[in-house]
Every structure is written in C-alpha cells, then in structure tokens.
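Here are some friendly notes to read alongside the structure. Keep the viewer open and look up each residue as you go.

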Amino acid sequence: MFKNFEDFKTKMKNKKVAVLGIGISNTPLVKLLYKMDAQVTVFDRSEGNKLMDTISNFEGMKVSFCLGNDYLKELKGFNYIFRSPGIRFDIPELVAENKSGAVVTSEIEVFLDVCPAKIFGVTGSDGKTTTTTLICKILNDSGYKCWIGGNIGTPLLDKIDGITEDDMVILELSSFQLQTMQKSPSVAVITNLTQNHLDFHKSYAEYKSAKENIFRHQTKSNVTILNYDSEVTRDFSKLIKSNFVFFSRLKKLDRGFYVNNGKIVYSNGTDETEILNTGDILIPGNHNIENYLAAIAATYPYTNVESINNVARTFKGVEHRLELVRELNGVRFYNSSIDSSPNRTTAALSTFDQPVILLAGGKDKNITYKDIGKVIAQKVKCLLLIGPTGPLIEKSLRDEIAKTGKGSDISIIYCDSYDELVKTAYRKARTGDVILLSPASTSFDMFKNFEERGNLFKRIVNELK
C-alpha cells in the first residue's frame, strides 16, 4: 500500500482521514496524522465525558470527534480509514466506505509496509507476550538495537523515523490485527493454537484463518517457527510457501529445536548442539520452556548460546504472568491475570506442586470450559469464583467429580468483588499454600483490561496484614 514512510506522509497530506477507536495505538496515530496535514476525524463509541482525559491530548489541534452510540453515522466521504483492532473489518459502515473508494487499514498494517528493519512477528493463543519479550531480550543481549510493539501495548508507527535497517523489530500480533493484513513479517512465530476469541470471530475457522496471515504473505527467503506439539500449528507447515522450523518440548526432532534430557537442543539433520539447560530458566512452568523454544528458534541465526543463557538466568517474567506478588505467613500470592482462557489457566496450574487456592472467572469468550475441571480436580484445594464464567467453571469441575470422583473435597465459593475474593482466599489458606489469580476468562465484565484486573489484585494483596 505504501512504498516507505515518505510515501505514506505524501499520501496523507490534505486527505480526509478517519480513525476508529481512540485507544493505546490510535492516540499517537492521530497526532502523527495531524502533523502530516491530514484532516482527522476520530470516531469512538464512548461518550465524550468518558474520554475527557484522552481528548485533552489533542488540545490545540484541529481534530474532529464523533462520539457515542451512533458514532459511525458520519463515517462518509473519507479517503483513508484506520480501524482499531477491536472493530471488525466487515461492519456495514466500513464495507460501504470501502466500496465508495476509501482505503481501510490500521496502524500496524501501515507499520509493516513502511518499516525498514527486519520484523519478527509473534502470534498464538498463548505465550505471545512472553515469547515476544524473550526474542527482544535475546537479540538485545546479542548487541542489536530492538523495538518491541504491536499487541504488547506499544505502537511504533510514530517512532519510524528512529528505526534503521540494522535494527530488529519484534511485534506481538493478535488475530484482530492479523485478520486483514496483506503483508507478513520476515520471521513469523506461532506459539500454539486453540479455540479463542470466539466472542469476536464468527467461528474457529475464521480465527485460525486470521492467524495464518502471519505467514500467508511471506516471500521464499522468510521463515515461520511452528510448534510441533500442536497438531494445528504442525499442519500449518503444509500451507507455508516460505521456510519453516519446528520446535518441540515433547518429541526429539530430526531437524529443529527440542528438549532432550533436560536440555534444549538444536539438530540440523546431521549434528546436534546443546543450547540451554532447562533448569537454568528462571520463570517456572513447561509452557515457559515452550516459549523459550520458540524464541530460540526465531533468534538462533542472529544470536549466540551465551546470550540465550544470559537471558534464561536473569529474566524474571512479564508482569501479570505467574507474577509472584508477595509471600505472607508462608502463603504465596501469584498474579496471572493474563490468563483469559482455560488453556492458560491449565498451564498456570500445572506449574505448581503445592496446594492451590484458585481465583477464577470473568467474561465469557464463547469458548468451551469442559476440560478445565480435570486440572482443577488435580491441583486445587479451594475454588473461588466471580463473574459470568463462574458457573461454567464450576460445571466443568462437577462433571469431572461425577466422572472420576476426583475433586469432591474442593470447596467452591462465589464472591461479588475482588476484595472479597482475595480476603476469602487468604482466610482459607495455610502455610505452604499458593493463592493464584488465573481467571480463565477475559476481564471485560469488570475491568478495562487484564492489567487493571491484575493491578487491583496486587493492591489488595499488598494491603493484607
């Protein structure tokens, strides 16, 4: 769409440009477009009184706003429309404008067009943020100047003037961002794939197809990193026209990166190279070994074993992902608010050998909870539930009890607030127990995002006496 950043600036000048959604990525985008002399109108479903702090960012700028429930009724006659990832591409207003000649795109799509540096893209149902962060840290330790952004929370388009062709860019990419992409990163990583975000996508097939865009537009010189242990991602290898590399925690591979006798090993088909002792990985859990496998496979042509080991021995993890908040009277509190699906909660619970008091529940994403009861029955001593998915999680446990008899001694308690949730958990805890916030659900029933949920949990925990 755009040859380079200069071409982008030229095409924005004096054009009517709409920005749909005024979130984290679009606030700097509006400022950037304004500097390019675009005629910018911002559209957002929130009422103006809820956006006063955000709107104040544009004080002194000639930016128009269409806000409230009918915010899209004036979406007519624009040259370019930038949609927020959370707004579907096929809503009637966007389809009509596209038919009338408007170019519909997004901040991240333009960035892929104009970025001069090598781009690593990371997607998957779980592990995206940790793997993205690991790739950045490994490359940093190897001497590269790195830029990290995308779904991880940092837009990079307004920083493009500072990015050179010698730098490395690492993007976390969600299915929302990938769905309409016409360009793929040079190095694509797919951590795994399970049913997710079916409250946004019309079907699992659509969700899966969106993920495929991370490699669909690659050239023959590009590469995709695939999880061999996931049948879905393993089968992606049949669709890839570029190169691909497998990683596996469970199987010794003829070619690729795998775990053997407690070590991460690379095989090129002839020789094997030991890279990392899994016992040196500071962050806990088998899922984090898989995250390291993915990150190592992506960076191996650009790094060295020493840098990989340096990161493994020092990296303490990303906030809200099995984050140790506090130990009080022998009870450890862990914040894993990022766990917005049953699969993530299953992985988090599998990390612990100690008795776990699980805090779970939130907004439903129209995904199945039928299998989560099995791991709860094995790992949990007390289940505290909140939000709309609470009954779904309870039903899964009840079904497991009826089927196997396991978990019948687990107490199930419903709470109305996070304050009640945390304080009840602490009253039930004994020395040696783990209290784990791992909701298995999104946060949008009560919070703006999982960070807000995790921060509230941490504040309440740190106020306990």
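The points below look at one threonine and then at several salt bridges.

1. Before we start, please keep in mind that this is a predicted model. The distances and accessibilities in these notes are computed from that model.

2. Let's begin with Thr-180. You will find Thr-180 in a loop, with helix α7 (175–178) on one side and strand β9 (187–190) on the other. Is Thr-180 buried or exposed? Its relative accessibility is 19%, and the cut-off for buried is under 20%, so Thr-180 counts as buried.

3. Now look at what the side chain of Thr-180 meets. One polar contact, at 3.0 Å, is with the side chain of Arg-83. Another polar contact, also between side chains, joins Thr-180 to Glu-109 at 3.0 Å. Leaving aside residues up to four places away in sequence, Thr-180 touches Arg-83, Phe-89, Glu-109 and Asn-213. Try showing these four neighbours together with Thr-180.

4. Next come the salt bridges. How many salt bridges does the count give? The total comes to 23, and the following points pick out a few of them.

5. Glu-6 and Lys-9 make a good starting example. Their closest N and O atoms are 3.1 Å apart, and the pair forms a salt bridge. Both residues belong to helix α1 (residues 5–12), and because they are 3 residues apart there, about one helical turn separates them. Glu-6 has a relative accessible area of 48%, so it is partly exposed. Lys-9 is partly exposed as well, with a value of 28%.

6. Compare that with Asp-235 and Lys-238. Their side chains also meet in a salt bridge, with an N to O distance of 3.6 Å. How exposed is each partner? Asp-235 has a relative accessible area of 31%, which means that it is partly exposed. Lys-238 reaches 68%, and exposed begins over 50%, so Lys-238 is exposed.

7. For a pair with neighbouring numbers, go to Lys-370 and Asp-371. These two residues form a salt bridge, and 3.4 Å separates the closest N and O atoms. Lys-370 and Asp-371 are both exposed.

8. Finally, look at a group rather than a pair. Which residues are linked in a network of salt bridges? Arg-88, Asp-90, Lys-202 and Glu-206 are linked in this way. Colouring these four residues in your viewer would be a nice way to finish your tour.

Key:
Residues numbered from 1 in each chain as written. Predicted model: local features only at pLDDT ≥ 70, side-chain atom pairs only at ≥ 80, totals over all residues. Heavy atoms only, no water. Helix = DSSP H or I, 4+ residues; strand = E, 2+ residues; numbered from the N terminus. Buried < 20%, exposed > 50% of the residue type's maximum accessible area, 1.4 Å probe, protein only. Polar contact = N/O pair within 3.5 Å; in protein donor to acceptor, adjacent residues only side chain to side chain. Contact = heavy atoms within 4.5 Å.
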